[in-house]
Amino acid sequence: MAWLQATIHADSAVAEKLADVLMDVGALSATIEDALAGTDDEQPIFGEPGEPVDQLWSHSLINSLFAEDADVALLVTAAANQCHIDVPSYTVSRVEEQDWVRLTQSQFDPIRISDRLWITPTWHTSPDPAAINLQLDPGLAFGTGSHPTTRLCLQWLDQQIQGGETVLDYGCGSGILAIAALKLGAGATRGIDIDAQAVRSSIDNAQQNSVSADFGLPDTLLPGEYDVVVANILANPLRMLGELLASHVKTGGKIVLSGILAEQAEELSAIYAKWFDMDAAVFDEGWTRLSGTKRP
Ligand SMILES: C[S@@+](CC[C@H](N)C(=O)[O-])C[C@H]1O[C@@H](n2cnc3c(N)ncnc32)[C@H](O)[C@@H]1O
């Protein structure tokens, strides 16, 4: 089996509408990308939870798949007519069927966090069987270890967990931080997420790694103080959650915050300095980790 893929150059003002109409006229899929991705002129677009992104790239490409026997020229023309635009320039190529599972798996290699900590997909053998190995597959929840925000937190846990600490992972996603903390020797660990799918993924991933942590939605979090609270969420929720997160850290305990862009670090650090003696920020690929020690 094979498909036809049309790569369509679209004016950003109509790209979204054109992609929708392509689906209406018979495309099997239509995704919009930055036409300049991978070049010096690529345009990063950042979104925050609760702040919808209404921005599109200035030059967009629509990649649209059609059945092998579809008349792509006819369908693209019909879609352009419905959008009241000239037929855009496009190319058509043939996409052969592949072993998609194998292809996807080949894109995820084991990730080295430190000499002693690796994140390894279940279909790989661990590069260092003597190391602490988290077995984690890409799934429906954020947190495979490949993103700098997660890596920054994993590095902190790797360097700071001594053994026996209680840890709260707020915004647990795949559960990667809670699971890593346990594997590194932490004691009772709790993970919280607003997304029920993330809570389910965390429970599955903990089982996969033979560790036991409690995961739940925010309303399951009882008052109580932890030695460490780690939250890789994004600046906007972290601004609002300061009081709550601080209330869950013991005096002398640690807060670890990630998901913060470098330019947001100073402002976030000032907010959390209300409760914590803040450490110097650590940066990775434009992202920041903040940490601090709770004052009495
Ligand atoms: C960037 S992911 C981090 C996942 C994982 N902890 C990691 O480090 O890779 C952020 C997670 O926080 C969750 N989240 C966002 N806002 C939240 C909130 N207000 N309360 C709890 N969880 C939240 C999201 O659903 C998402 O799973």
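**Reasoning through a predicted model**

Mentor: In this predicted model, the hairpin of S14 and S15 has 2 residues between its strands, and Glu 285 takes a positive phi near 50 degrees there.

Trainee: What makes S14 and S15 count as paired strands?

Mentor: Pairing requires at least two bridges. S14 (residues 282–284) and S15 are joined by 3 bridges and run antiparallel, so the pair satisfies the criterion. Phe 283, for instance, has Thr 288 in S15 as its bridge partner.

Trainee: Which strands other than S14 pair with S15, and over how many bridges?

Mentor: S12 (residues 249–261) is joined to S15 by 6 bridges, and S13 (residues 276–278) pairs with S15 over 3 bridges. Both pairings are antiparallel. Leu 257 stands opposite Leu 290 in S15, while Met 278 stands opposite Gly 292.

Trainee: Why is S15 called largely enclosed?

Mentor: The term buried demands 20 or more other C-beta atoms within 10 Å. In S15 (residues 287–294), 7 of the 8 residues are buried, so the strand is largely enclosed by the rest of the structure.

Trainee: What makes helix H5 largely enclosed?

Mentor: In H5, 7 of the 8 residues are buried, so the rest of the structure largely encloses this helix. The buried residues are Ile 176, Leu 177, Ala 178, Ile 179, Ala 180, Ala 181 and Leu 182. Just after H5, Gly 185 takes a positive phi of about 120 degrees.

Trainee: Why is Asp 204 called partly exposed?

Mentor: Asp 204 has 16 C-beta neighbours inside 10 Å. A buried residue needs 20 or more, and an exposed one has 12 or fewer; the value for Asp 204 lies in between, so the residue counts as partly exposed. Asp 204 is placed in helix H6 (residues 196–208). Its C-alpha atom is separated by 9.1 Å from that of Gly 175, 29 residues apart along the chain.

Trainee: Which residues come nearest to the ligand?

Mentor: Gly 143, Thr 150, Gly 171, Gly 173 and Asn 232 come nearest, out of 24 residues around the ligand. Two or more residues of this shell come from each of helix H4 (148–160), strand S8 (167–170) and helix H5 (176–183). H4 gives the most, with 3 residues. By class, the shell has 14 nonpolar, 7 polar and 3 charged residues.

Trainee: What makes S5 and S7 edge strands?

Mentor: The order S5-S6-S7 describes an open sheet of 3 strands with mixed pairing. Strand S5 (111–114) and strand S7 (132–135) each have a single partner strand, so one side of each is left without a neighbour in the sheet. On average, neighbouring strands here are turned by 20 degrees against each other, direction ignored.

Trainee: How do you know that S5 and S6 pair?

Mentor: S5 and S6 (residues 117–120) are joined by 3 bridges and run antiparallel; the threshold is two, so they pair. Ile 111 has Ile 119 as its bridge partner in S6. H4 packs on this sheet, touching S5 and S6, and its direction makes about 45 degrees with that of S5.

Trainee: Where do the domains lie along the chain, and how far apart are their C-alpha centres?

Mentor: The domain assignment gives domain 1 (2–97) and domain 2 (106–294). Their C-alpha centres lie 36 Å apart.

Definitions and conventions: Residues numbered from 1 in each chain as written. Predicted model: local features only at pLDDT ≥ 70, side-chain atom pairs only at ≥ 80, totals over all residues. Near = placed C-beta within 6 Å. Helix = DSSP H or I, 4+ residues; strand = E, 2+ residues; numbered from the N terminus. Nonpolar A, V, L, I, M, F, W, Y, C, P; charged D, E, K, R; others polar. Axes fitted to C-alpha atoms, helices over the stretch in contact; angles between N-to-C directions. Contact = placed C-beta atoms within 7 Å. Domains from an automatic or database assignment.
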